[in-house]
Amino acid sequence: MIAGPTRTLSPEQIAAAHAGPEGAFLIAAGPGTGKTATATERFCWLVEHRVPAGQILAVTFNDRAADELRTRIADELMARRPDLGPQVLDGAWIGTFHGICSRLLDEFAYLVGSPRELKVLDETGQRLFEQRLVARLRSGEAAPLDPDSFTALSVDDLDELLRSGLRFLLKLKGRGITPVRFRKRALELHAQHWDSADDATAQPAAHAELEAIEVLHLVYQAYEEALAAGGLRDFDDLILEVIDALERVPEFRRRCRERFRYLLVDEFQDTNRIQLDLIRLLAADDFGNVAVVGDAKQSIYGWRDAEIENIRSRFKGKRLPLTHNRRSFQEILDCATAFIQRDPDFADEPDLVATRGAGSWPVTVVMAPDSRTEARSVAETIRRLYRGGRPFSDIAILAHSIRMLPRDFEDELRRQGIPYLTSGGSGFFDRQEIKDVLAMLRLTENPMDDGALVRVLQGPIVRLADRGLYRMAARRFGRHGMRLRDCFEASRVEGFPEMEPKVAERAVALVDLTDRIGRLRDALTVADILNRLLEETGYLRWAELRAQRDGSPRALLNLRKVFQLASRFERELALAGIGDFVRHLDQVIDAELPVGEAADESAIADAVSLLTIHAAKGLEFPVVFLVNLRPARARDTERLFFDPDGLGFVMKNWRGEKHPRYQATSPGEPAVKLAIGERRRIVYVGLTRTKDLLYVTATREEQSAREVEMGDQDHFAEILSWALAHPESANVVEAEQLELPVPRPANGAAADGSEVVMAVLDRIEAIQPRRPAVPAAATSEIKLSFSQLHDFEICPVRYRFSQVWRVPAPPDELLPRFARATNSTELGAAVHAALAAWHSAGGDLLALYEGPEAGREMLRGYLAQPLAAARTLGVEVEFNLRVGGTRVRGIVDRICALHGRTILVDYKTNATMDAALVDAYTTQLRLYALAAGRGLLPGGANPRLVLFDLRRAREIEVTADDAAVETRVSAVSQRIANGDFALGPENANRPCAMCAYRPICPDARP
């Protein structure tokens, strides 16, 4: 008896995996619904039905996915059929399209007449090959393209054809259109469209189109000939050669069909035209033995020639939906489904069902006034999550484009000391250690490279300051042709007067080392040169120390990746040297190829992942920040078009204007429509990567969420609209809520006698603009925290010193006693930190506590209270609400739910809790209630208000009174706006004795 699946599958998964086996089946697997588990089960189920593993063709999209599928199938079969042994998959066909085709061509080379010795270009090699070919075309070396031989095309037109033509032609190749077929069909349709071109305007335009067809055919032919001359294949060649062999050699097709009794295709939504043709030729008639797995909603590779119609209309298999999501909370799925259903093509898409159930406000939508504030809010939220127990590796920041992501995000992560790894962009070459190593390599190859010398001298080994470098470089002022290296040598003769002796010693050692190695470069491999540079300069030791300091091997892993790049480069070009390697890396950088950081070992590093959404495809993270979500601006970026079934060839630009036939036919509109749809699907993929918490952020001009209007393809506005309509599922943070209090110096640190304070006041008076005689009609908005509100009520004069004149903060004696008790002592801070961490991430509360023993006793008493076990909805939740013309901000210690009602909790550790303190805290909690009533806090509009006295383990219930608190805020705000800081009878008991402003305050009490 054969055992069943070793993991629990849903009824949907079982129905999909066990369908047939004869027939065509489309397993429509929504995100997080276990498509890999379903594909694994189908493969194993077929084996159970006596189909040898070697007769099942399983094709997926990339090597990572293929390796995962192979591993899971092997593990499952070994658990269910140990009698098959570990060699069960030795002959299995599990791989990528290109890997499968390469294997077929190797195995049947004799039958189909395919040479075995051809090398396949990878993505980097492909792009560099294209660059070199275009350069040769421009020079006339690769093809006879003399600008003087063209009468209708200008030099600029020809240059644009060379610049854009090759990528256009490679897209045609991905559709199976050969150079001969392109030219033949383009000329046929050209003759049909221009048969009556006899006027003076039409004839030159028609002739320009004809010349463009010939140029493009020449370029396409030159590309194919260059591949052949170099003994090379590109990825499309592998598939096209197999397709050609299947159509041309009946015996080959018969053998393939006999071998592959069943086909299983993963990520079917990302296939292109020739991949579909390959599947059709390998399969039984009408795809009668094919099961494909995919999701049209996740088709995001149109820019790489994937055709969504393959899964929408060209594969007619029976649809078997998977809708039970094991990844995310229901609210996240509801947000994503509502978003994708705005696309008419997916309006009837079935809802996803979370097997985990609902979460506690897992969706947060954040509006920021600028990219810097957006980045800061993201970084501070990450920092708060980390303090609450989330490892950084649980968190991902996703963007449509890392290259286009504002620099503020990486700057803010670095500023706050948050470790991060980049992938899917070109982050590798932006890393300090990579820039440093490339500079040393360049200086070794060319001692006169000024840029490399600057980087080396100012790097972590020499550490020459800017002032010294500028003084040394100033030697060449007025001396034409003098290089920085000449300045360095002149300075050496004089004993380096611009540098400290130790700096000079390090500079001489490093520069002399690069010179010495440079002289030996013809006798050393690139790897040898790298090794000597890193070892003998001490750079490797510096990287090791940095790894210890950061707690992450990131720098070391990236250095190792440089070695891997060098080794690979030398394997491909046996006689290449250091100069060739440096030029190769320069070409990779110039081509903007996506080279991410060393990521194979990134799982061992506790770091935030900074990814493109495309790079995150197939991954999942407990916490996702989908950032910089701007309105889609789909434009017609294509310059060349070819429709073999209708329009034929159309060029966009001619003589600096739009070509007449482009204006008449608008061939770019379908591509724009596809791009708009794909942009929505990209956002959908980003939304569905998250498991626990989803943050969607964007920079917006609007101050309030209610001011945001639904624009065309404004995806952030659509998600915000959903969040506003579902306050039970999502939080909305408006732009002004992100403003943070200005940090003050430590208590007592700013004041050292009245002279210091007077000097500061004199400076303020000197730099402040003179006020007009008549007050301005419009006043700026007043912004208050509760502490500032209470400050004013105690002493308006002190408020003016600290908040209006911004005199450095005095000691805290004038702060209300409750603020001193909860915020200024080690005990209060430690207790609050432990509670925040415990209620955010769980664990052992007493183990999380780090503070005086008295606090531990408080926490033991708290654990016995029902409030401790209540379901937490939020911890340290910030809000920002408008009261009249005043913006009031605050932070709620905890929001929880107990017995069906939301509770706003403020924890206190005061030694005493008299009526005056309770009255002060009552105002604070009433402000929280006002924010909740306006929907600014999770949990609803009518919460309980609880002041929890931790020292005595008791709850103090507070009654909401919106009118009273609004009146109080408005009265204070009006006085501030009017510049009224006069003292009244209510300030008679102000504590002047220890106020730092006392020496300069005319109102100080004796």
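Me: Which residues is leucine 904 in contact with, leaving aside its neighbours within four places in sequence?
Reply: This is a predicted model, so local features need pLDDT of at least 70 and side-chain atom pairs count only at pLDDT 80 or more, while totals for chains, interfaces and linings use all residues. Residues are numbered from 1 along each chain as its sequence is written, and side-chain values use heavy atoms, with hydrogens and water left out. Contact here means heavy atoms within 4.5 Å. On that basis, the partners of leucine 904 are Val892, Arg894, Ile895, Leu925, Tyr928, Ala929, Ala932, Leu937, Pro943, Arg944, Leu945 and Val946.

Me: Is leucine 904 buried or exposed?
Reply: Leucine 904 sits in strand β25, residues 901–908; helices (H or I, at least four residues) and strands (E, at least two) are DSSP runs, numbered from the N terminus. Buried means under 20% relative accessible area, exposed over 50%, and partly exposed in between, using a 1.4 Å probe and protein chains only. Leucine 904 has 0% relative accessibility, so it counts as buried.

Me: What distance separates the C-alpha atoms of leucine 904 and glycine 939?
Reply: Along the chain, leucine 904 and glycine 939 are 35 residues apart. In space, their C-alpha atoms are separated by 9.2 Å.

Me: How many helices and strands are in the chain?
Reply: The chain has 1006 residues, and 52% of them are buried. Take the contacts between residues at least 6 apart in sequence: 75% of those join residues at least 24 apart. As for the count you're after, the chain holds 39 helices and 27 strands.

Me: What does helix α38 reach from its first C-alpha to its last?
Reply: Helix α38 covers residues 915–933, which makes 19 residues. The expected span is 1.5 Å times one less than the number of residues, and for α38 that comes to 27 Å. Just after α38, glycine 935 takes a positive phi of about 80°. The helix itself comes close to the expected span, reaching 26 Å.

Me: Which residues have the most contacts inside the largest nonpolar core?
Reply: A nonpolar core is a set of buried Ala, Val, Leu, Ile, Met, Phe, Trp, Tyr and Cys residues joined through side-chain atoms within 4.5 Å. The largest one has 82 residues. A second, separate core of 46 residues includes Leu438, Met440, Met472 and Phe569. Back in the largest core, the residues with the most contacts are Leu104, Phe252, Leu278, Val290, Leu687 and Ile719.

Me: Which residues does isoleucine 719 touch, not counting those up to four places away in sequence?
Reply: One partner is Cys335, which is itself buried with a relative accessible area of 2%. Here's the whole list for isoleucine 719: Cys335, Phe339, Val365, Leu629, Val683, Leu687 and Val696.

Me: How many disulfides does a search of the whole structure find?
Reply: A disulfide is a pair of cysteine sulfur atoms within 2.5 Å. Cysteine 896 is buried at 0% relative accessibility, but the search isn't about burial. The number of disulfides it finds is zero.

Me: Is the aromatic pair of phenylalanine 61 and tyrosine 301 stacked, edge-to-face or tilted?
Reply: Rings of Phe, Tyr and Trp (its six-membered ring) pair if their centres lie within 6.5 Å; planes under 30 degrees apart count as stacked, over 60 as edge-to-face and the rest as tilted. The whole structure has 23 aromatic pairs. In this one the rings are 5.7 Å centre to centre with 35° between the planes, so by the cut-offs the pair is tilted.

Me: How many residues apart are phenylalanine 61 and tyrosine 301?
Reply: Phenylalanine 61 is in the loop between β2 and α3 (63–80), while tyrosine 301 is in the loop between β7 (290–294) and α13 (309–314). Tyrosine 301 is buried, with a relative accessible area of 10%. The pair links distant parts of the chain, and the separation in residues is 240.

Me: Is arginine 50 buried or exposed?
Reply: Arginine 50 is in the loop between α2 (35–48) and β2 (56–60). Its phi is positive, about 65°, although arginine 50 is not a glycine. With 77% relative accessibility, arginine 50 counts as exposed.

Me: What is omega for the cis peptide bond between glycine 20 and proline 21?
Reply: Proline 21 is in the loop between α1 (11–17) and β1 (25–29). The cis bond joins it to glycine 20, and omega is about 20°.
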